[in-house]
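Grab your favourite viewer and work through these exercises on the model below. Each one sets a task and then walks through a solution.

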Amino acid sequence: MSLLDAAARQRRLFLSVATVLALVGMAAWQGMIRQEDPSFPYRAGFILVAYPGADPERVERLVLEPMEEELAEIEEIEYIQSTVRSGQASTRLRFKDYVYDTETQWDRVRTAVARAQQQFPDGVGEPIVDDRLVDNASATVVISGSEDLMALSHAAERLEKKLFRLPGVSRVEIVGDPGEQVTIALQDAVAKRLRLTPESLAAQLDARNQVRGGGTVLVAGKTATLRPETEFRTIEEIRSTPILLGSGKTVPLSQIAEVRHGPAEPGREFMWVNGQPAVGLAIIAERDKVQVVEWGRRLEALIEAEKPQMAPLSLDVILFQPHHVEDRLAELGTSLLIGVVIVAAILFLSMGLRLGLLVASIVPLVTLSALAIYAIGGGVLHQMAIAGMVIGLGMLVDNAIVMVENIQWHLDRGASAREASIRSIKELAGPLGSATGTTLAAFVPMLIAKGNTADFTRMIPGMVMLTLTASYFYAILVTPTLSEFVLKPMGRTKEGFVSRLGRRLGELSVRHSAAVLAGAVLLVASAVFGAGFVDRDFFPNTARDEMVVNLNFAEGTHISTTSSAAVAMAKAMGKLEEVRDVYAWAGFSGPTFYYNLTENPRSPHIGRIAVIGRSADDLSSIFEWVREYAHENLPDVEVVPQRLGQGPPVQAPIEIRLFGDDFESLRTASESVMDVVRATEGTTDVRETLGTGTPTLVFEVDDAAASRYGLNRSDVADALLGRTLGVTIGQYRAGMDPVPIMIRSPEGERFSTDHLDTAYVFASGGEVVPLAQLVRQSLVWQPSAILHRDLQRVAIVLSELDQGYAFGNVTSELQRRLGEIEFPAGVTLEFGGKLESSGDANAAIFSAMPVGIVLLLVFLLLEFNSFRRLLMVLVTVPLATTGVVPGLLLSGNPFGFTALLGVIALAGIVVNNAIVLIDVLDSNLASGQSLPDAIGDAVARRTRPILLTTVTTVAGLAPLTLTKSTLWPPLAWSIISGLMASTILTLLVVPAMCRYLLREETGVTSAGPA
């Protein structure tokens, strides 16, 4: 104890440190880096490989399979999910939860893709690897006010460079950019008449469009650069380029072909803002380095300054996340402030002026000091960190209350202020350390768990543990020092009401021990039974006024069809009174303005509409309108309205995967599963990913006929490609970015299939051969898209949940029903969606649970060195469940991940009550009291601090029950209701157990190990 004696003498040091830390905490609250949610490691990303003109089965065989086989050798990859469409393969992959060095793993992915690329056939584009899929757009700047998409796109490119000069910008992505190309439309009849082959035209244009240097010369002592103009500088220059014909004459290109500069055909993606065409710039702020609210103000100022320069185009900021960050953190900050005020008021009312003032002063000191330490360590202020501070608010006074009560007890019995402080430090340093340690042990599994869910919530236990650790040191170092100035002897001779209540509870427990224990067992059993009636929703939807509507057309749908439907629906929605703004995208899923949204790039059949309602309450009526509109106007389209969700991103709450190699077996199984899902109560918007297939015109080349003209299969393929999508012959570099120059027919994709037979193939000898002489044509039905997961073909059935239904209840029923289905041979089934993500989150926590349990046992056995006392402390944990279940049922909250966090936190809180109670009991026994008297006196002495701790914890958490966020009420109610029930039961059950387990120690003068 010499160390404690030395610490007690350093009053000025500890007061100075506490004051400085509190001041630093106040400054940190104002200046810390702020964002709404924690950042995730870059575990998810996608790979995009283009193979223009190739059908899905060919892309699967020649591109996807070699690439997946190389990726499968990376053992850190958790899953590989791929979609093959005509002309491209898109692969989404995710690393395992334990991977935090993501940069190294993405380097391995790029190496694997490079190895696979060596096996790709000619014509396959350069793979695109995006390892920043989890980044969210902090804001989207949109440019509108013109029907000319090229004007909007060029304005966006100019603005992009200015946005990069804004401090804190990590990336800027242009969204809604349809692409750009220079098209040279050459008719077959003209080419035949002029004896001009597409190959000859391409060679002549390429020869006049080279980037070449002319060297340097010495002029008057300086180096002068010679720059020959060897590339096209204007579109007019391309049009006027002389073309050598087969007859030997030359004519300008414009006389034999149409040259136009415009959007890519077909366009890649499109965007509309309130029904008007637009091009946007999604701005991603630097992660964990930016005060997002202040950064947002600077962005708005920059955009305001740019508006006059953009005229007559319009410039606006949409999907502005700094507003949400400000609102969310302000709401939680208000909850924290209200909690501090409530806790202080309770302390004053229940403990009196002096004791209340002393304990209340510790609340801001500890809170601000913990915040200061967090900020000094590089912490980011987000909703998880503030929620952790709110949760720890009521718990942090526990140590201070016990210490102050003990000091006052010694003062009332004649000890001096210094003597009372030193005695209390010596008596409580160990028990409070053990009590704090056991609480910290309960939070350890949440702190060390791996995975996205754990990463998302890690700072809840982190801030609670930091706050509790600070509260312990302040209780034994700062509180005794302050008590010497504040506390005075009260000369109490009579027990107060709370002490008398505690003594009667102790006597009741001793006299009716069997009845008390039996009643506790009955209550725990009732709680376990009642848990079956609590809804299970692992991650609830948000309470934002935003929603999205996903439009999923059949695979193979052209982007023009998707665009028409998306903009028509967006314009109709914009007329609703409940709607404030509508943003629509086609060909992709738009910017990821919220962390939970999934990204679908380069998907012509995909559309998404983001709807901003007048209020969150208006979304229900918008949901109904969407379904009615879709039923009347888009009967063959999957139109899925969704609220923004919490937790890891999933395609849908209910996801059922069917694996198999045979398409017909997969289709049969998929139809059976869809029937079951539709028939299950609580499901809506049921759909599947297999699709109905798409027609494919197969041209089988007659090699013998082709060889007579000096042609081969590649010549036939190039002829077909040149009539439709076009052949790239070079790049036009006059703008900011290179633009492809394409040769194709004037009709392009609209080239009539009836005329394909009469299309010409140009032989090298100058002969013109109709395609019909070289091929046999047939029509086959192919899958419009092929899905893989972990190198297997897969069909996926998806479903949303009806309002008012929890996913856990619906999924349990689905598992039962699907277990009764007999699937075709070779088809297997697994669940994804929220069931998989919740299982991963639970597994992450429970895999770390043994560490917490071991630490809990270590602290308890170090404190008591008694298995009997260990048992009595651990019994309080199941007692907490007697309050959790009724609390969730009465408040209408589901049991989800945050409620689970509340239960784990509750376990750490309730054992404290038992520890301090048993500690006083042991002291009484050591002083020679009989067991009944020792029990009665211990309960009388500890009832007041135990009840105060419970009341302050409940009061500190009460503001969280009123927040708009759907994350915090389940957590708060779990702790509040569980703590209230367990506190009363602890004061009854622990004494009752002492009556049986410590009978042998009655009259013993030393509380040795049992």
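**Exercise 1. Find how β8 and β9 are connected, and say which turn residue has a positive phi.**

Keep in mind while you work that this is a predicted model.

- Step 1: pull up β8 (residues 216-219) and β9 (residues 222-225); these strands run antiparallel and are joined by 4 bridges.
- Step 2: check the register. Val219 has Lys222 in β9 as its bridge partner.
- Step 3: look at the link. The two strands make a hairpin with 2 residues between them, and Ala220 in the turn has a positive phi of about 50°.

**Exercise 2. Work out the strand order of the open sheet that contains β7, and decide which strands stand at its edges.**

- Step 1: trace the order. The sheet has 4 strands, arranged β12-β7-β24-β23, and the pairing is mixed.
- Step 2: find the edges. β12 (258-263) and β23 (727-732) each have a single partner strand, so each is left with one side lacking a neighbour in the sheet.
- Step 3: add the twist, which averages 25° from one strand to the next.
- Step 4: zoom in on one pairing. β7 (residues 180-185) and β24 (residues 739-744) are parallel, with 4 bridges between them. Thr183, for instance, has Met742 in β24 as its bridge partner.

**Exercise 3. Hunt for unusual backbone: where do the cis bonds before Pro266 and Pro312 sit, and which category of exposure do Asn274 and Asn865 fall into?**

- Step 1: recall the baseline. Most peptide bonds are trans, and most residues other than glycine have a negative phi.
- Step 2: take the cis bonds. Going from Glu265 to Pro266, the peptide bond is cis with omega near -5°, and Pro266 lies in the loop between β12 and β13 (270-273). From Ala311 to Pro312 the bond is also cis, with omega near 10°; that proline, Pro312, is in the loop between α10 (292-310) and β15 (314-318).
- Step 3: take the positive phi values. Asn274 has phi near 50° and lies in the loop between β13 and β14 (276-285). Asn865 has phi near 50° too, and is found in the loop between α26 (833-864) and α27 (867-891).
- Step 4: classify the exposure. The partly exposed band runs between the buried cut-off of 20% and the exposed cut-off of 50%. Asn274 has 41% relative accessibility, so it counts as partly exposed. Asn865 has 49%, so it counts as partly exposed as well.

**Exercise 4. Follow helix α3 from its cap to its kink: which residue caps the N-terminal end, and where does the kink lie?**

- Step 1: start at the N-terminal end. Asp55 is the cap, with a side-chain oxygen 3.1 Å from the backbone nitrogen of Glu57.
- Step 2: walk along the helix, residues 56-71. A kink of about 40° lies at Leu64, shortly before the proline Pro66.
- Step 3: see what is buried. Both Leu64 and Pro66 are among the buried residues of α3, and so are Glu60, Glu68 and Glu70.

**Exercise 5. Sort out the ring contacts: what geometry does the Phe529 and Phe533 pair have, and which rings have an arginine's charged end over them?**

- Step 1: get the total. The structure holds 9 aromatic pairs.
- Step 2: classify one of them. For Phe529 and Phe533, the centres are 5.4 Å apart and the planes are at 70°. The edge-to-face cut-off is over 60 degrees, so this pair is edge-to-face.
- Step 3: check exposure. Phe529 and Phe533 are both exposed.
- Step 4: look for a cluster. Phe40, Phe456, Tyr594 and Tyr595 make up one aromatic cluster.
- Step 5: turn to the arginines. The charged end of Arg34 sits over the ring of Trp29, 5.4 Å from its centre, while that of Arg789 sits over the ring of Tyr79, 4.2 Å from its centre.

**Exercise 6. Place Val939: is this residue buried or exposed, and how far in space is it from Val903?**

- Step 1: locate Val939 in helix α29 (residues 931-957).
- Step 2: use the accessibility. Val939 has 1% relative accessibility, so it counts as buried.
- Step 3: compare sequence and space. Val939 and Val903 are 36 residues apart in sequence and, C-alpha to C-alpha, 25 Å apart in space.
- Step 4: zoom out. Of the 1010 residues in the protein chain, 56% are buried.

Technical notes:
Residues are numbered from 1 along each chain as its sequence is written. This is a predicted model: local features need pLDDT of at least 70, side-chain atom pairs count only at pLDDT 80 or more; totals for chains, interfaces and linings use all residues. Side-chain values use heavy atoms; hydrogens and water are left out. Rings of Phe, Tyr and Trp (its six-membered ring) pair if their centres lie within 6.5 Å; planes under 30 degrees apart count as stacked, over 60 as edge-to-face and the rest as tilted. Buried means under 20% relative accessible area, exposed over 50%, partly exposed in between (1.4 Å probe, protein chains only). A charge sits over a ring if NZ of Lys or CZ of Arg is within 6 Å of the ring centre and within 35 degrees of the ring normal. Two strands pair if DSSP finds at least two bridges between them. Axes are lines fitted to C-alpha atoms, for helices over the stretch in contact, and angles run from 0 to 180 degrees between N-to-C directions. The bend at a residue is the angle between axes fitted to the seven residues ending there and the seven starting there. A polar contact is a pair of N or O atoms within 3.5 Å; within protein, one must be able to donate a hydrogen and the other to accept it, and residues adjacent in sequence count only if both atoms are side-chain atoms.
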